[in-house]
Amino acid sequence: VELVKDLGKKYGTSMLFISHNLGLVLETCDRICVMYSGEAVETGRIEDVFDKMQHPYTQALFRSIPLPGANKNSRPLVAIPGNFPLPHERPKGCNFGPRCDYFEEGRCNSNKAIPMAHVEHGDRHESRCLKFAEIDWDAPLIAAEKKEKGAIGEVVLKIDNLKKYYEVAANAIFGGGNKKVVKANETLSFEARESETLAIVGESGCGKSTFAKVLMGLETATDGEILLDNKAVQNTAIEDRDTKTVADVQMVFQNPFDTLNPSMTIGRQIIRALEIFKVGNSEAERRTRMLELLDLVKLPREFADRMPRQLSGGQKQRVGIARAFAGDARIVVADEPVSALDVSVQAAVTDLLMDIQREHKTTLLFISHDLSIVRYLSDRVMVMYLGHVVELGTTDQVFSPPYHPYTEALLSAVPIADTSVIKKHIVLEGDIPSAMNPPPGCPFQTRCGWKSKVSGGLCDTEMPPVREIAEGHQVKCHLSDEEFAGMEAVIKIAAE
Ligand code: SF4
Ligand code: SF4
């Protein structure tokens with residue numbers, strides 16, 4: 001984004017930036033055109049549309065994204081009800097009508113097309129809403145129902161010094177040569193408790209997906225332990241695990257489009273999962289359970305007879321969640337579960353996961369690179385870099401200073417769709433080094449802006465120890481306590 005912006009400035013190039021990430025739009029663009037179901041519904045300068053929006057869809061979009069301050073219990077996101085109409089299903093009058101809080105019968109659904117209308121203030125600010133001048137845009141949001149926070153229970157998963165190394169041929173194309181070792185996970189140690197959401201964050205290549213594979217039994221560990229209810233499972237591949245262990249640890253994948261069988265009905269696919277987990281003694285019992293699972297993920301029971309192609313992305317992800325819970329999973333690894341979905345359905349799927357977690361006391365390992373959503377739903381956060389856990393703490397601890405220098409850089413890169421947020425600007429130079437050839441000393445030393453504050457070149461030569469800088473808050477870094485104490489917040493609200 002930095003590069004594209006600089007090039008645009010340098011050459012005076014006009015840019016059309018197409019995105020559903022409102023934070024990135026704020027950081028990159030001067031003007032915005034919000035589209036819904038085939039037409040522009042609001043256009044204007046970024047400041048006007050973000051701060052003085054004049055279309056109910058724009059308002060609903062902003063209410064469904066996790067801005068700082070949103071919280072899964074005290075300030076839950078507000079999902080946009082219903083679904084996006086397909087081109088042949090567009091309603092009469094306003095396309096957004098069936099999902100709009102301000103819908104007026106006879107007016108919003110009359111046969112007349114709704115034109116774009118000029119908004120008084122602002123620069124070429126326009127809205128395609130018949131009622132924009134009547135709506136009280138400053139009216140406080142009718143508070144969404146507050147949710148009770150589930151009590152965090154006993155430790156169900158304990159990872160102790162887990163290592164996962166791969167041996168690869170140094171010359172991967174032609175084979176032969178010396179073998180090299182890729183250290184995908186290095187001495188991972190942490191615990192996760194019942195009803196807890198632990199987020200695992202980091203760039204691609206940080207080892208988070210490798211860890212998920214070892215936990216699921218798709219790979220076995222090189223060293224260390226994974227204790228599931230005090231039972232070591234790190235060396236048992238999935239085919240050798242008993243049914244209960246397999247059912248206990250389940251996964252929700254990033255892309256619901258790839259995980260469903262296109263030629264099998266939704267109901268059949270859920271029943272298949274029930275058969276694998278040996279749930280129910282007869283076909284009839286499994287069918288009943290399948291319908292209950294559809295209820296659980298808030299899909300209509302008629303969906304049992306539908307094919308995957310008849311479902312939207314959000315609905316498919318709900319089926320993925322239903323399958324994960326078919327065997328009453330106790331630990332669910334959710335690998336970027338909403339990043340392939342439209343922003344407007346992300347909130348609904350996120351809240352569904354949270355609701356099921358509250359009810360079933362599930363331990364959720366939430367793998368993500370989207371720190372906004374991580375902040376919204378996690379109880380604790382683990383930051384990984386090049387196979388190492390570099391920071392681990394409660395969400396508040398990790399999102400406020402002092403941070404590990406890598407976390408600080410990650411936070412400064414989060415695009416936040418709020419014009420009142422001021423961020424410290426840290427651009428991480430270079431890419432994450434190869435796990436086949438990690439740097440000596442601290443794994444982050446090739447990109448760290450704080451390295452010069454550590455005397456004696458320690459960062460270049462010695463692996464930093466894991467230090468506890470507050471109760472339950474650990475970082476892997478050589479910086480002194482004084483340096484940590486002097487760190488400033490990366491994300492500030494302008495009024496603060
Ligand atoms: S025209 Fe009516 S239904 Fe459409 S956005 Fe405006 S208030 Fe909502
Ligand atoms: S140990 Fe040194 S290089 Fe590593 S994060 Fe800390 S300051 Fe940066």
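Here are some notes on a predicted model, point by point.

1. Start with the domains. The domain assignment splits the chain into domain 1 (2-127), domain 2 (155-384) and domain 3 (400-493). For the first pair, the C-alpha centres of domain 1 and domain 2 are 33 Å apart. Contact between these two involves 17 residues of domain 1 and 20 residues of domain 2.

2. What lies between domain 1 and domain 2? The second largest pocket does: domain 1 (2-127) and domain 2 (155-384) both contribute lining residues, so the pocket sits between them. Its volume comes to about 1,100 Å³. It has 34 lining residues, and F17, V25, R31, I32 and C33 are the closest to its centre.

3. Staying with the second largest pocket, which elements build its lining? At least two residues each come from α1, α2, β1 (31-36), α3 (46-51), α4 (56-63) and α11. β1 has the largest share, with six residues. Sorted by class, the lining of this pocket holds 18 nonpolar, nine polar and seven charged residues.

4. Now the largest pocket, at about 1,400 Å³. Its lining runs to 48 residues, with L24, E27, A413, V414 and P415 the closest to the pocket centre. Two or more lining residues apiece come from α1 (2-11), α2 (22-28), α11 (343-360), β12 (363-368), α12 (371-377), α14 (405-412) and β15 (421-423). So much for the list; who gives the most to the lining of the largest pocket? That would be α2, with five residues. By class, the count is 26 nonpolar, twelve polar and ten charged.

5. It's worth looking at the two pockets together when you have the model open. α2 is one of the elements named for the lining of the largest pocket, and α2 also supplies at least two residues to the second largest. The same two statements can be made for α1 and for α11.

6. On to the sheets. One is an open, antiparallel sheet of four strands, in the order β6-β5-β8-β9. The edges are taken by β6 (179-193) and β9 (231-232); each has a single partner strand, so one side of each has no neighbour in the sheet. Helix α5 (residues 208-216) packs on this sheet and touches β5, β6 and β8 (223-228), its direction making about 110° with that of β5.

7. If you want to check the register in that sheet, try β5. Strand β5 (residues 155-169) pairs with β6 in the antiparallel sense, over eleven bridges, and K164 has N185 in β6 as its bridge partner. Towards β8, β5 again runs antiparallel, with five bridges joining the two. There, I159 is bridged to I226 in β8.

8. The other sheet to look at is open too, with eight strands ordered β10-β11-β12-β7-β13-β14-β17-β16 and mixed pairing. Which strands stand at its edges? β10 (249-252) and β16 (466-470), each with a single partner strand, so one side of each is left without a neighbour in the sheet. From one strand to the next, the twist averages 20°.

9. Within the eight-stranded sheet, β14 (residues 388-394) and β17 (residues 473-476) run antiparallel and are joined by two bridges. Opposite E391 you'll find V475 in β17. Helix α14 packs on this sheet, touching β7 (197-201), β13 (380-385) and β14, and its direction is about 105° from that of β13. α14 also turned up above, among the elements lining the largest pocket.

10. Two backbone details to have a look at. The peptide bond from P401 to P402 is cis, with omega near 0°; P402 is in the loop between α13 (395-399) and α14. Then there is R124, which isn't a glycine but has a positive phi of about 45°. Where is R124 found? In the loop between β3 (117-118) and β4 (126-127).

Key:
Residues numbered from 1 in each chain as written. Chains lettered and ligands numbered in written order. Predicted model: local features only at pLDDT ≥ 70, side-chain atom pairs only at ≥ 80, totals over all residues. Heavy atoms only, no water. Pairing = 2+ DSSP bridges. Contact = heavy atoms within 4.5 Å. Axes fitted to C-alpha atoms, helices over the stretch in contact; angles between N-to-C directions. 1 Å grid on protein atoms, 1.4 Å probe; cavity = no way out; pocket = protein on both sides within 12 Å on 5 of 7 lines; lining within 4 Å. Points joined across faces, edges and corners; volume = space filled by probe spheres on them. Nonpolar A, V, L, I, M, F, W, Y, C, P; charged D, E, K, R; others polar. Domains from an automatic or database assignment.
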